[in-house]
Amino acid sequence: MAGQGTILLQWMGEGSINRDLLERVRQQVEAVFAFPADLREGAGLPSDSLEPRRGQHSSTKILRRILTTAPPGAAKVLGITDVDLFIPVLTFVFGEAQLKGLAAVVSTARLRLAYDEQPAPSSLVEARLLKECLHELGHTFGLVHCSDPTCVMSRSNSVLDVDQKRAGFCRDCRQRLRALTEERDGP
Amino acid sequence: MKAKASILVVDDEEIVRDSLARWLEEDGFQVETAPDGHAALARLAEQAYAILLVDLKMPGMDGLQVLAQARTMQPDAAVIIMTAYATVDTAVQAMKQGAYDYLVKPFEPEELSLMVGKLTKTQDLRRENVLLRKALKRQCEFKDLVSKSPKMEAVFELARTAAKSNSTVLILGDSGTGKELLARAIHAESPRRGGPFVGVSCAALTESLLESELFGHEKGAFTGAVGSARGKFEIAAGGSLFLDEIGDISPKLQLDLLRVLDAREFRRVGGSQLIKTDVRILAATNRDLKKLVESGSFRDDLYYRLNVIPVTLPPLRERKEDIPLLAEHFLTQLRTEMGKPLEGVSAEALEMLLAYDWPGNVRELRNVLERGAVLARGPIITPLELELAPPASPVPLAGATEEVADSLREMERRHIGATLKQHNWNITHSAKALGIDRVTLYNKIKRYQLREDE
């Protein structure tokens, strides 16, 4: 059955979908987590996620939408969007995830910018997107932030932080991920 | 993995609570939420939190009221006030009431990360400090002497009891174990503390000089005695007389001393008048007095007179648990003396200090640390700056104990000889290099019959 025990990546943007880009991210996700990954037709943004005063979308409301529309049996569902995300107390977030849960969301909005606020080259945006996808999915598997700034699980508060990390887990996080996956799958 | 601190988020908006909790959980914190002030207080009554993130404007009980209650219920918890209204008044009021800080919504993720990071680090350090203090409190003290060793605790206990009496105390122990410090401590704890503490090293002076030093002399008693002088027995009247290196006094002085201790009166050298003495004798030696008695070089009657309350200071190698404490103690002194911002010794340096055998005992430790403090380029003393010789390779076991003792004595004799030669027979420099005091060095030179022209 499609989606059963699979990581699903779904587009939830305002702009048109870049299938090639999503396919490349999917392949990487599959390789890094050693877990089957599929692309899924998106459910679209929820009608109430936009906060007009801020011109941003609530990542928490998008997460709720992902949860209500997730196909039964899906291992993880990662929404990828191009809208700028926020949580009420913070100016922005790159993404949000349920720790040891099902849903996560990542935005490309701020990843598209270079340090001087000009558009960043597409290859850099793609590299950043992959890192943030791995990061948020890492949370859904139960990983918390890592103190190694080059590990993909280190917290990013700016694109500078994102660029500093690798598109992979440090040794400790990899071991933890393995333990968490085994714990979930049972003996 | 270290358990992370727990945080309580208090906000009346569900989406704020959920999203902030999730954001903090990603950092590994244990996060709980409360929808209003009353619920927050109920949680505070049940569980300890490291950090409280509290919204200022809430229906019913507001953030400042929660803050006030939290300060009483959990004074160690840091309260961060979140407000959408950036007024100086509110901030000032929150800070005045003891808030750790405040954040104006919406705030940068970086700002929250830094604040929470700094806070948990400070709290970790504070906790660590409390633990260290508790560990240090377990030490025992006797005036300027500190220790964590059960052996020393027993010594302090005995010394404290001895201090209350007027009896003679015989302090035994190797060079550098702190015999004089203990004698001073006993004096300072004794009913005689209002009187003088007078010390005299019996090994540093010739027989006639020591005699005059102890008992004083009258004018013309010997060549050069142009006037009369009081001796230490007179100077120490009402106080304590510390006779260091008592094992080194001549048979004549042993007899003189015995008479004074028995009759509590004496005559100055060249004098005829009997002078009453009122001193408490504290004697010390690094020699085995019992053996000296057996070999006939120390009077047994004097030995019994002195050995009323014997206190033995263990060598540093038998109380290595004291090394970190003593290092900290000396570094505090050196920091003040040298005006250098010394923080401590590195872990490797401490390991080295612990591995070393300390033949010169506590005094040698202080000298090594002083040298390290002078040479240290940064606030932490490293192994290189300690200039500590690596532990000597084990000496193969000899067949008989005497043989070992002889070879050790020979080794010490040669080592002292070489050190003296290296320092052109400068006693101060050589004593420092050997980690012993000048008197002990003179003593050893005498004992080993070392001569400059050798």
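Start with chain B as a whole: 19 helices and 18 strands. Keep in mind that this is a predicted model. Chain B has 454 residues, and 37% of them count as buried. Now turn on contacts in chain B with a separation of 6 or more. Residues 24 or more positions apart account for 68% of these.

**Stop one: the sheet.** Select strands β1 to β5 of chain B. They form an open sheet in the order β2-β1-β3-β4-β5, with parallel pairing. Color the two edges next. These are β2, residues 30–34, and β5, residues 101–104, of chain B; each pairs on one side only. Look along the sheet to see the twist, which averages 20° from one strand to the next.

**Stop two: the β5 edge.** Select β4 of chain B, residues 78–83, together with β5(B). The two run parallel, and four bridges join them. Which residue of β5(B) stands opposite B:I80? Show side chains there and you will find B:D101.

**Stop three: helix α3.** Select residues 63–73 of chain B. This helix packs on the sheet and touches β1, β3 and β4 of chain B. Compare its direction with that of β3(B): the angle is about 155°.

**Stop four: helix α1.** Select residues 14–25 of chain B. Helix α1 lies across three strands of chain B: β1 (6–10), β2 and β3 (51–55). Against β2(B), helix α1 runs at about 170°.

**Last view.** Show the sheet with both helices. Strands β1 and β3 of chain B are touched by α3, and α1 lies across them as well. The edge strand β2(B) lies under α1 in the list of strands that this helix crosses.

Notes:
Residues numbered from 1 in each chain as written. Chains lettered and ligands numbered in written order. Predicted model: local features only at pLDDT ≥ 70, side-chain atom pairs only at ≥ 80, totals over all residues. Pairing = 2+ DSSP bridges. Axes fitted to C-alpha atoms, helices over the stretch in contact; angles between N-to-C directions. Contact = placed C-beta atoms within 7 Å. Buried ≥ 20, exposed ≤ 12 C-beta atoms within 10 Å, placed from the backbone.
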